Amino acid sequence: MRAAPLAGGTPGPDDLRPLLDTVLDALRSGAADRGGPLPAGGPGAVAHRVREALGEALPERGTGATEALAAVVRAVTAGAADPAHPLCAAHLHTPPLALAAAADLAASALNPSMDSWDQAPAASVLEELVTAALAAEAFPAAPRPDALVTTGGTESNQLALLLARERGGTVQPVVGANAHHSFRRAAWLLGLPEPVLVPAPNGTMDPAALEQALTELRGPLLVAATAGTTDAGLIDPLPEIAELCAAHGAELHVDAAYGGPLLLSERHRPLLAGLDRARTVTVDLHKLGWQPAAAGLLAVRDADDLAVLGHRADYLNADDDTEAGLPDLLGRSLRTTRRPDVLKTAVTLRALGRSGLGALVDACMALAGDLAELVEKSPGLELYAPPTLTTVLFRPYGASDEAVAAIRRTLLAEGRAVLGRAAADGRLWLKATLLNPHATPGDLAQILTLVEGGTDR
Ligand SMILES: Cc1ncc(COP(=O)(O)O)c(C=O)c1O
C-alpha cells in the first residue's frame, strides 16, 4: 500500500481532490440524514449513533482514507448543530462562509506555523497586513495601532488583562455585571484580584455605578466595557464610560467580540462611538464575521503596548537571526505553534470588501428587527426589548421560567430548533441570535411557531 499521501507540495492537490469529493459528499448526505438544525433524540441518541458509526476509535488496521472520511464526516455532519440552518440560532455560533472554509483548507494543507518566519514566510506577512488593516478600523485616529490574532474573545480578554497588568502592576479589573465570564477566569489565571462587578440593571453597565466604583477604588484600574453582550446583544454606553475612565485615570478595554464587526457597516458603525477611546479592543470574526473558528483579534491602540510579549527561544528567534533580518514572530502570541487563522480572513476581506461584509452585518441586523416585530405581533409572546445587535429575547406571556427552559430543551431534543436562554429582568427568556444572513421571513416565523407550539404541549 502507498504511504498516506500528503496535503502539500505539488502532488498534494491531486491527492486531495478525490478526498475532498468524498468529504463534500459526506457533508451533503450527513446534512440530509439530519434533515434539520440539529439531530433529533437528545444526547443519548446522538452518542449512540456516533459510537455505532465510529466503532473502534483506534482500530489495529485502518479502513483507508475514503471509507474513514466518508463514515466519520457523515456521522459528525448528521449529528451537528449546524449554524447554516436558519433554525440554529442559539449562540454566537456563526455559519461560516463557503469561501472562508475553502481558504481554511489551504491553511491546513500548507500548515504554516506562525511562531517563526522559517515556518510561515508569506503567511506572517499576510498576518501583518491584515491585522494592521483591522486594527486601523478599530483605532482610525491612532498613529500606530496593531492587532494580535487570537483563538477568540476569551484569549483576547485575557491578553488585554495581561497587557494592563504589565503596564500598571496589579491592576484591578472593573467589569459590568453583564460582562463575559472570561474576565473572571483571566483575572484568576493572571493572579489579579477578582473583577469588581458594576451593576448593569438594564443589561448595560450603569455609568453612575461605575463612577461610584471608580471614586472608591484605589490603585491601577482596568475597566472592561462590552460592545455586544453575550445574553442580549447590548452595547454599554461607551462614550460615557470612556469619559469616566479618563476622569479617574482608569484604563479602558472594550470587549467587542460580538459587536466589533459593526465597524465594517457604514449604517451601524455609529453604535460603536467611543470604542476607539479604549486601549485595547476584543473583536471576533467567528461571530459576526462568518469565519470558521478560530478568528479572534485583540486590537491595541499603540503597537508599543505589545513589546512586553517579546520572548526569546533560540530555535525560533535567535538574536543573530533577528539581527540578520529574519522577522521575530514569537511576541505575536503566547502560543508557540499557531495556525495561520488569518488566511481565511484575508481571503474574506479581499473577496467581499468592507461593503460586502458590512452588507452581511446589515442583513443580520435587519433580520433581528424583523423577528422582534413578529414577536410583538404575536399575541402570545412577549419581547424583552427592541434588539440593539442581532439578539432577540422573547418568551411566552405568563410562562414560568421552568416552562421557558422546557420549551428550549424540547426543541433541542426533537431536533427542531436551537434556541438559547438568557436571564434578564429577573426572568428567563428564549434567545435567538441571528447570524445567518440568508434566513428568510418564513424562517423567523417558524421559530415563533415552534415556540408557540411548545407552549400548547
Ligand atoms: C462578549 C463576549 N466576549 C467574549 C466571548 C468569548 O469568545 P470566545 O468564545 O471566542 O472565546 C464571548 C463569547 O460568546 C462573548 O459573547
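Okay, a definition to start: two strands pair if DSSP finds at least two bridges between them. Helices and strands here are DSSP runs, numbered from the N terminus, with H or I over at least four residues for a helix and E over at least two for a strand.

With that in hand, this chain has an open sheet of seven strands, in the order β1-β7-β6-β5-β4-β2-β3, and the pairing is mixed. At the edges stand β1 (146-150) and β3 (196-198), each with a single partner strand, so one side of each has no neighbour in the sheet. Ignoring direction, neighbouring strands in this sheet are turned by 20 degrees against each other on average. On angles: axes are lines fitted to C-alpha atoms, for helices over the stretch in contact, and angles run from 0 to 180 degrees between N-to-C directions.

Before I go on, the housekeeping. This is a predicted model, so local features need pLDDT of at least 70 and side-chain atom pairs count only at pLDDT 80 or more, while totals for chains, interfaces and linings use all residues. Residues are numbered from 1 along each chain as its sequence is written.

Back to the sheet. Strand β2 (residues 172-176) pairs with β3 in the parallel sense, over three bridges, and Gly176 stands opposite Val198 in β3. Two helices to look at here. Helix α5 (residues 121-138) packs on the sheet and touches β1, β6 (280-284) and β7 (296-300), its direction making about 115 degrees with that of β1. Helix α9 (residues 238-248) also packs on the sheet, touching β4 (221-226) and β5 (251-256), at about 155 degrees to the direction of β5. Contact, by the way, is C-beta atoms, placed from the backbone, within 7 Å.

There's a backbone oddity in this region too. The peptide bond from Ala293 to Ala294 is cis, with omega near 5 degrees, and Ala294 lies in the loop between β6 and β7. And if you like Ramachandran plots, Asn111 has phi near 55 degrees, a positive value in a residue other than glycine; Asn111 is in the loop between α4 (98-110) and α5.

Now the ligand. Which residues come nearest? Of the 15 around the ligand, Gly152, Gly153, Thr154, His180 and Thr230 do. "Near" means a C-beta atom, placed from the backbone, within 6 Å of the molecule or strand. Helix α6 (residues 153-168) gives the largest share of that shell, three residues. By class, the shell has three nonpolar, 10 polar and two charged residues. For the classes, Ala, Val, Leu, Ile, Met, Phe, Trp, Tyr, Cys and Pro count as nonpolar, Asp, Glu, Lys and Arg as charged, and the others, Gly among them, as polar.

Next, the other sheet. Four strands form an open, antiparallel sheet in the order β8-β9-β11-β10. Its edge strands, β8 (381-383) and β10 (420-424), each pair on one side only. The average turn between neighbouring strands is 40 degrees, direction ignored. Five bridges join β10 to the antiparallel strand β11 (residues 427-433), with Ala422 opposite Trp429 in β11. Helix α12 (residues 342-377) lies across β8, β9 (391-396) and β11, at about 15 degrees to β9. Helix α13 (residues 401-413) lies across β9, β10 and β11, at about 25 degrees to β11.

Over to a helix pair. Helix α2 (residues 42-54) and helix α3 (residues 65-78) pack at about 175 degrees, with axes 9 Å apart. That makes α2 and α3 roughly antiparallel, a label for angles over 145 degrees. Arg49, Val50, Ala53 and Leu54 in α2 meet Ala71, Val72 and Ala75 in α3. This contact has six nonpolar, no polar and one charged residues.

Last, the domains. The assignment gives domain 1 (1-80), domain 2 (106-352) and domain 3 (353-456), with bounds from an automatic or database domain assignment. The centres of domain 1 and domain 2, taken over C-alpha atoms, are 35 Å apart. How many residues of domain 1 are in contact with domain 2? Four, against four residues of domain 2. The domain 1 side of that contact has two nonpolar, two polar and no charged residues.

Definitions and conventions. Parallel < 35°, antiparallel > 145°, perpendicular 65-115°, else oblique.
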